[in-house]
Amino acid sequence: MKGAIFFSGKYGSTEQYANWISKATGLPVFDIKDDRADPAGYDYLVLGSSIIYMKLSMRKWAKENLSKLNGRSKILFSVSGAGPSDKLERWVAKSFPPVLLSQMEHVALGGKLDHSKVNWLIRLILWIGSLINPDPAASKEERYGFDHVDKNSIEPIVKMIHELQASEVSA
Ligand SMILES: Cc1cc2nc3c(=O)[nH]c(=O)nc-3n(C[C@H](O)[C@H](O)[C@H](O)COP(=O)(O)O)c2cc1C
């Protein structure tokens, strides 16, 4: 039984988490943009995706690769500004085919937003978003950025992967 991590992110935090999980578990890690990365070559998958505009950035790839992901996908980690909440679960639910979600554990990890790394159009969109955001804390983060990346938060994911790896050995 072989496992692998597939991730989708743009500004580095999802990749950082994928690499930390890889280091802790020995699983190989692939960016979904890499065409050589084929989920069908693995028995189980850990999928990691940033949240952009209330959706998983991995959603299109997940739909296109549904037949390869179905039956293999075990863990989904999302990376976002919003913390674990019903709202975040709704964003995840509308991004992924229900059949995939039903076979995966979802773990929400904190992301990072550095305004110096995004282009002027995105900065403008975030600024407008901050003006209409009814949540004062979220509005402040949209306007000034944030850093919620935390290496310790991968622990539940590492534990789940170790359990999968232990069941491989005993099978
Ligand atoms: C254009 C843009 C839109 C975003 N939209 C959301 C959002 O709707 N909800 C949220 O919780 N976080 C949102 N974020 C925050 C990202 O989820 C966070 O920056 C994450 O760490 C990005 O992952 P990456 O560094 O792997 O690209 C947004 C960030 C950007 C740049």
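Strand β3 is mostly covered, with eight of its nine residues buried. Please keep in mind that we are looking at a predicted model. I shall begin with the partners of this strand and then turn to the core, the ligand and one phenylalanine.

On one side of the pairing list stands β1, which runs parallel to β3 and is joined to it by six bridges. Within that pair, F6 has L47 of β3 as its bridge partner. The strand β5 also runs parallel to β3, again with six bridges between them. L47 appears here as well, standing opposite L76 in β5. The third partner is β4, residues 55-56, which is antiparallel to β3 and joined to it by two bridges. I51 pairs there with L56 of β4. The two strands make a hairpin with two residues between them, and Y53 in that turn has a positive phi of about 50°.

Let me move to the interior. The largest nonpolar core has 32 residues, and those touching the most other members are I5, F6, L45 and V46. Its largest share, five residues, comes from β3. Setting aside residues up to four places away in sequence, V46 touches G3, I5, I21, L27, K74, I75 and I161.

Next, the ligand. Which residues come nearest to it? Of the 20 residues around the ligand, they are G9, Y11, T14, S50 and G111. At least two residues of the shell come from each of α1, β3, β5 and β7, and β3 gives the largest share, three residues. By character, the shell divides into 10 nonpolar, eight polar and two charged residues.

The domain assignment of the protein chain gives domain 1, covering 3-111 and 150-170, and domain 2, covering 113-147. Their C-alpha centres lie 25 Å apart. Each of these domains contributes at least three residues to the shell around the ligand.

Finally, I would draw your attention to F77, which is found in strand β5, residues 73-80. Why does F77 count as buried? The reason is that F77 has 24 C-beta neighbours inside 10 Å, and 20 or more are required for that label. Apart from neighbours within four places in sequence, F77 is in contact with Y17, G48, V107, L109 and I157. By contrast with that list of contacts, K112 lies 35 residues from F77 in sequence and 15 Å away in space, C-alpha to C-alpha.

Note on methods
Residues are numbered from 1 along each chain as its sequence is written. This is a predicted model: local features need pLDDT of at least 70, side-chain atom pairs count only at pLDDT 80 or more; totals for chains, interfaces and linings use all residues. Helices (H or I, at least four residues) and strands (E, at least two) are DSSP runs, numbered from the N terminus. A residue is buried if 20 or more other C-beta atoms lie within 10 Å of its own, exposed if 12 or fewer, and partly exposed in between; C-beta atoms are placed from the backbone. Two residues are in contact if their C-beta atoms, placed from the backbone, lie within 7 Å. A residue is near a molecule or strand if its C-beta atom, placed from the backbone, lies within 6 Å of it. Ala, Val, Leu, Ile, Met, Phe, Trp, Tyr, Cys and Pro count as nonpolar, Asp, Glu, Lys and Arg as charged, and the others, Gly among them, as polar. Domain bounds come from an automatic or database domain assignment. A nonpolar core is a set of buried Ala, Val, Leu, Ile, Met, Phe, Trp, Tyr and Cys residues joined through C-beta atoms within 7 Å. Two strands pair if DSSP finds at least two bridges between them.
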